[in-house]
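Subject: A structure for you to explore

Hello,

I am passing on a structure that I have been looking through. Please open it and keep it beside this email while you read.

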Amino acid sequence: MDYRKLKSGSDVRGVAVGEGATLTPDVAKTLGMAFARYVAGKTGKPVERVSIALGRDSRVSGPQLLEAAAQGIASAGAQAVDYGMCTTPAMYMAILTDGFRPDGSIMVTASHHPWQLNGLKFFTGEGGLGFHELDEVLEMAQGLEKETARPTGEIVSTPFLPTYENHLKQLIINGVDPEVQKPLLGLHVVVDAGNGAGGFYASMLEDLGAWIEGSQFLEPDGHFPNHIPNPENKEAMASISAAVKRVDADLGIIFDADCDRAAIVDHTGKEINRNRLIALISAILLDETPGATIVTDSVTSSGLSDFIREWGGEHYRYKRGYRNVIDEAVRLNQAGIDCPLAIETSGHAALRDNHFLDDGMYLVTVLLIKAMQMKQQGKLLSSLLDGLREPVESTEIRLPVTCEDFAAAARQIIEYVLDYASSHEDWHVAPDNREGVRISFDIDGELNSAWFLLRLSVHDPVMPLNAESDVPGGVKAVLQKLYEALKDQQGVDLSPLKAAL
């Protein structure tokens, strides 16, 4: 078994069901043992004094993989604490919560991916493991694969989700009105948990006075029978939008399976995700901290940049990958730059006020508080998006890299495009280009009215190509320019680009 093949960004992921499974109970056990020893090394504690918490989402393979990882932790001599059904953000919050405070934690989840897949996310007191830290754990697991150890540590069970839920409750009470028992009375919210781990959020809102008629798919079901639990999925968003309109709710909230991502829809059923979601939370934070810097991934729109500037903030684009944007936001704060938010267009969002924890449930709680405050003033939450210019056209095309050393081939293509741009006056290299190559164009006399971004995928031998335009026909125009520039280059399959023309 090559454990490196399980790496997906800063997580472990693989097929967990069926004959072709790569993330098996034996693999999970070895990873649990390796992580316990890794945490012991990082904390300086004897492994016998280390405790590791484990939680899972609703996937059918979750209970078996959690049990196996717990056995691995115990085999290393550490204590394994089984939290049962949980959310990914809660697994880090436990490390910071008095009365719990494990030395590390593991969440068994594959986020929004199909039910046959599963994965492991690892946390220490410093947050989720980064790319290189995960490499250390996988290397340790590789060396432990043939090791047989008798269990010497204990496995205990204790729930943490009620504590996390109470934390969110208190945020809402303090944010709306700490003097009343039902601060959300009069607010109608539809919750869609996608049969993942987040169904408890609806009953929590109901306890606080909210009306939750129309909420759906709250019961955990690891086959995800109703729709993919993914706030970027068209069918999922259409489902929550229809539910909000059907019951005439004020707001709809949708989570992915492990609740580290979320999105909302307004009272008309209009989706507020991707650039709109970034704009909405940015407006709220910039109202509180004028002049702050908002870190996003590289594919955000030009209209969003203008919106953030109009609210008095600075937009800082960085590399795709939620760990990348979080780490950069932390670095900026350490350098003295006021940065309260790191957020990807996928919905991964981390707020400084929440320890820069990637927490979709915390994000929507902040939005919910604002929605209630504005309703009490006779205003709509979505009115904060007034002035956000959205692209007329947008697309994403994935270009396969055909060379074995795909990273080197992609870098060569990017360098070629940069060189090409320098010799063509109508190709404007973005001044805040921090990933791949982003080029803007003046279409129909409009300055910087269309752009493309070409980069290397975080995980795959693919070059994603994003393009947007503020004028009709702009996307096709810039794609044609890029095709003409690359048509004689080797190492990348341009057929998807040619098909788009």
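In what order do the strands of the four-stranded open sheet come, and is the pairing mixed? The order is E9-E10-E11-E12, and yes, the pairing in this sheet is mixed. Strand E9 (189-192) and strand E12 (271-272) are at the edges with a single partner strand each, so one side of each has no neighbour in the sheet. Strand E11 (residues 262-265) runs antiparallel to E12, and two bridges join them. If you look there, you will find Ile-264 opposite Ile-272 in E12.

Before going further, please keep in mind that this is a predicted model.

The whole chain

Now step back to the protein chain as a whole. It has 14 helices and 22 strands. Its C-alpha atoms fill a box of roughly 70 × 60 × 45 Å along the principal axes. A compact globule of 501 residues would have a radius of gyration near 23 Å, and the protein chain agrees because its value is 23 Å.

How much of the chain is buried? Of the 501 residues, 56% count as buried. Contacts tell you about the fold too: among those between residues at least 6 apart in sequence, 67% join residues at least 24 apart. On the outside, the protein chain exposes about 20500 Å², and carbon and sulfur atoms supply 48% of that area. As for charges, there are 44 positive and 70 negative ones, and their mean positions are 2 Å apart.

The five-strand sheet

There is also an open sheet of five strands, in the order E18-E22-E21-E20-E19, with antiparallel pairing. Its edge strands are strand E18 (393-400) and strand E19 (428-429), each of which pairs on one side only. As general background, strands of a sheet pair through backbone hydrogen bonds, either parallel or antiparallel.

You can walk across this sheet from the E18 edge:

- E18 pairs with strand E22 (residues 462-469) in the antiparallel sense over eight bridges, and Ile-397 stands opposite Leu-465 in E22.
- E22 also pairs with E21, again in the antiparallel sense, over five bridges; here Phe-452 has Ala-467 in E22 as its bridge partner.
- Strand E21 (residues 446-454) and strand E20 (residues 437-443) are antiparallel as well, with six bridges, and Phe-441 stands opposite Ala-450 in E21.

E20 and E21 form a hairpin, with two residues between the strands. In that turn, Asp-444 has a positive phi of about 55°.

Around helix H6

My next stop was helix H6 (residues 200-207). Which of its residues are buried? They are Phe-200, Tyr-201, Ala-202, Met-204 and Leu-205. The buried residues of H6 pack against helix H5 (161-176), helix H11 (360-376), strand E10 (251-255) and E9. E9 and E10 also belong to the four-strand sheet you started with, so you can use H6 to find your way back to that sheet.On either side of H6 there are loops worth a look. Asn-195 is in the loop between E9 and H6. Its phi is near 65°, a positive value in a residue other than glycine. Asn-195 counts as buried, because its relative accessibility is 5%, and the cut-off for buried is under 20%.

H6 is followed by Gly-209, which has a positive phi near 105°. Further on, Phe-217 is in the loop between H6 and H7. Phi of Phe-217 is positive too, near 60°, in a residue other than glycine. For comparison, most residues other than glycine have a negative phi. Phe-217 has a relative accessible area of 23% and is partly exposed.

Is Glu-219 buried or exposed? Glu-219 counts as exposed, because its relative accessibility is 61%, and exposed means over 50%. Glu-219 lies in the loop between H6 and helix H7 (234-247). The C-alpha atoms of Glu-219 and Ser-58 are separated by 9.2 Å, although these residues are 161 residues apart along the chain.

Enjoy exploring, and write back with any questions.

Best wishes

Methods
Residues are numbered from 1 along each chain as its sequence is written. This is a predicted model: local features need pLDDT of at least 70, side-chain atom pairs count only at pLDDT 80 or more; totals for chains, interfaces and linings use all residues. Side-chain values use heavy atoms; hydrogens and water are left out. The radius of gyration is taken over C-alpha atoms; the globule rule is 2.2 Å times the number of residues to the power 0.38. Buried means under 20% relative accessible area, exposed over 50%, partly exposed in between (1.4 Å probe, protein chains only). Contact means heavy atoms within 4.5 Å. Accessible areas come from the Shrake-Rupley method with a 1.4 Å probe; for residues, only the protein chains shown count as cover. Lys and Arg count as positive and Asp and Glu as negative; His and the chain ends are not counted. The place of a charge is taken as NZ of Lys, CZ of Arg, CG of Asp or CD of Glu. Two strands pair if DSSP finds at least two bridges between them.
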